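Biologist: Could you take one part of this model and go through it closely, with the side-chain contacts, the ring geometry and the accessibility set side by side? I would like a connected account rather than a list.

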Amino acid sequence: CKTAAAVDNIIIMIMRFFLLTLTLLHTTAAFSPGSSDTPFSLSAYQKARAKETSKQLDASRFHFQILFVDSNNFHARIAEGMLARIAEYNDALFTLFPYSATIEASPNAPMDSAAPEEALAICDYLGLCSTTCGEDGTSFNLAYDLDQYDLIVAVDDEIQNLILRSLPKGSEGYEHKCRSLSEFLSVNFCGVENIQLIQDMIEPGMWEKAKPYYDAAKASLDSSSTISGDEGSSGDIFSESKSTDVYHPRMILNDNGAAIPNQSGWPLVEAAMLVACAGITRFCLDTMDAQFDEAFDQLLARHFYRSEDLNISVDDADDQLRLGSLSVTGYFSPKERRARILQHFEELQSKFESE
């Protein structure tokens with residue numbers, strides 16, 4: 001039986017590698033990191049995908065609406081609660097608005113839209129909002145949700161592929177706003193130097209509950225990435241997770257009778273999901289900062305570009321900018337605006353002195 005199971009696992013791994021190869025062949029046509037003879041770079045590819053996604057986000061409304069999509073009315077509502085908690089911890093409660101939905105046509109979709117007991121138990125354990133977690137689930141509406149939400153996060157790769165395959169003709173661009181949850185476990189996609197910068201966005205008390213299991217989760221992710229030939233990516237730990245996994249014990253006894261963290265089952269998925277939600281938070285907030293930074297620089301360039309503009313005081317320049325565009329200047333504090341104005345004037349003066 002063990003030999004047969006091993007053979008089945010090898011076949012599944014080969015199939016996943018084949019599907020991944022087809023996906024890369026299909027998507028890299030739109031990605032050009034350099035000349036045609038440039039070797040493929042996974043990190044560059046992930047960064048390129050992230051850049052395309054960030055372009056789909058519109059920071060001018062000062063908030064992003066994020067929809068998690070699952071196939072079982074379980075994972076998405078937990079991710080919604082996690083993101084809401086992480087957003088609150090990072091002072092983004094009114095910037096990031098998470099929601100959840102289930103693909104009703106999925107064979108895993110329950111008949112009842114009520115919150116499953118397993119989800120309520122996890123939300124209670126992690127201290128997530130019981131009201132949100134206990135609400136009846138909603139079905140994913142492809143025609144409506146694509147335009148309603150800024151970012152759609154499929155809980156696993158299979159759900160993402162199902163959504164993308166269902167896109168009607170003429171829907172170019174929508175694929176960039178539909179991402180897989182596992183992508184936000186990648187430091188390259190999130191645009192940070194190391195995973196610690198993402199973990200620091202999680203409330204310490206919540207992270208302490210997940211931290212003992214994250215190393216095992218990361219090892220599982222790295223293993224699946226290496227097996228699939230996608231070394232350095234995040235893998236997809238969520239695809240085989242089931243709601244009944246929550247009944248597995250969090251602590252088990254080792255050979256010496258000592259209690260140790262369970263290195264398999266739901267706790268690993270929970271830890272990875274928590275880090276991925278922190279990655280989404282970091283990605284969205286950094287995208288918003290970058291868009292407003294660019295908008296403010298453009299505002300400065302349009303208003304102050306002549307030598308006589310250097311005679312304007314910083315306070316008067318600030319007043320002029322605020323009259324020109326409150327929607328942009330209002331994102332920055334008075335101190336930040338003055339510092340940026342002063343820097344622009346210094347760069348402008350250096351430009352004229354060098355001419």
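Modeller: What follows is a close look at helix α14 and its surroundings, with a few other places added at the end. The model is a predicted one, and local features are discussed only where pLDDT is at least 70.

I begin with charge on the surface, where Glu-294, Asp-297, Glu-346 and Glu-347 gather in a patch of negative charge. Two helices, α11 (266-303) and α14 (334-354), each supply at least two residues of this negative patch. Glu-347 has its place in helix α14, and with a relative accessible area of 48% Glu-347 is partly exposed, since the exposed class begins over 50%.

The two helices that supply the patch also meet through a pair of opposite charges, for the side chains of Arg-340 and Asp-293 form a salt bridge with an N to O distance of 2.7 Å. This pair links distant parts of the chain, with Arg-340 in helix α14 and Asp-293 in helix α11, 47 residues apart. Both partners are partly exposed: Arg-340 has a relative accessible area of 25%, and Asp-293 has a relative accessibility of 27%. Asp-293 is not named among the residues of the negative patch, and the reason lies in how patches are made, because a patch residue must have over 30% relative accessible area and no salt bridge; Asp-293, at 27%, falls short of that area and has a salt bridge with Arg-340.

Salt bridges elsewhere in the model give this pair some context, the count coming to 13. Asp-318, Asp-319, Arg-322 and Arg-337 are linked in a network of salt bridges. Another pair joins Glu-308 to Arg-306, with the closest N and O atoms 3.9 Å apart, a value that still counts because the rule accepts a side-chain nitrogen within 4 Å of a carboxyl oxygen. Glu-308 is partly exposed at a relative accessible area of 43%, and Arg-306 is likewise partly exposed at 38%. For Arg-179 and Glu-183 the closest N and O atoms of the salt bridge are 2.9 Å apart, and here both residues are buried.

From charges I turn to rings. A pair of aromatic rings is described by the distance of the centres and the angle of the planes. The structure holds 12 aromatic pairs. In one of them, the rings of Phe-62 and Tyr-331 have centres 6.3 Å apart and planes at 40°, so the pair is tilted. Phe-62 lies in the loop between α2 (42-56) and β1 (64-70), while Tyr-331 lies in the loop between α13 (326-329) and α14, so this contact ties together parts that are 269 residues apart in sequence. Phe-62 is partly exposed, with a relative accessible area of 31%, and Tyr-331 is partly exposed as well, with 25%. Tyr-331 also pairs with Phe-332, where the centres are 5.4 Å apart and the planes stand at 85°, so that this pair is edge-to-face. Phe-332, in turn, is buried, with a relative accessible area of 6%. Taken together, ring pairs link Phe-62, Phe-292, Phe-296, Tyr-331 and Phe-332 into a cluster.

A further long-range approach involves helix α2, where Ala-44 has its place. The C-alpha atoms of Ala-44 and Asn-188 are separated by 7.8 Å, although these residues are 144 residues apart along the chain. Ala-44 counts as partly exposed, at 26% relative accessibility.

Finally, two loop residues deserve a look at their backbone. Asn-73 is found in the loop between β1 and α3 (75-89), and its phi is near 60°, a positive value in a residue other than glycine. Asp-91, in the loop between α3 and β2 (96-102), also has a positive phi, near 55°, and is again a residue other than glycine. Their surroundings can be set against each other through accessibility: Asn-73 is buried, with a relative accessible area of 6%, whereas Asp-91 counts as exposed at 72%.

Notes. Residues numbered from 1 in each chain as written. Predicted model: local features only at pLDDT ≥ 70, side-chain atom pairs only at ≥ 80, totals over all residues. Heavy atoms only, no water. Patch = residues over 30% accessible without salt bridge, like charges linked within 9 Å, V, L, I, M, F, W, Y side chains within 5 Å. Areas by Shrake-Rupley, 256 points an atom, 1.4 Å probe, with all protein chains shown as cover. Lys, Arg positive; Asp, Glu negative; His and termini not counted. Charge placed at Lys NZ, Arg CZ, Asp CG, Glu CD. Helix = DSSP H or I, 4+ residues; strand = E, 2+ residues; numbered from the N terminus. Buried < 20%, exposed > 50% of the residue type's maximum accessible area, 1.4 Å probe, protein only. Phe/Tyr/Trp six-rings, centres within 6.5 Å; stacked < 30°, edge-to-face > 60°.
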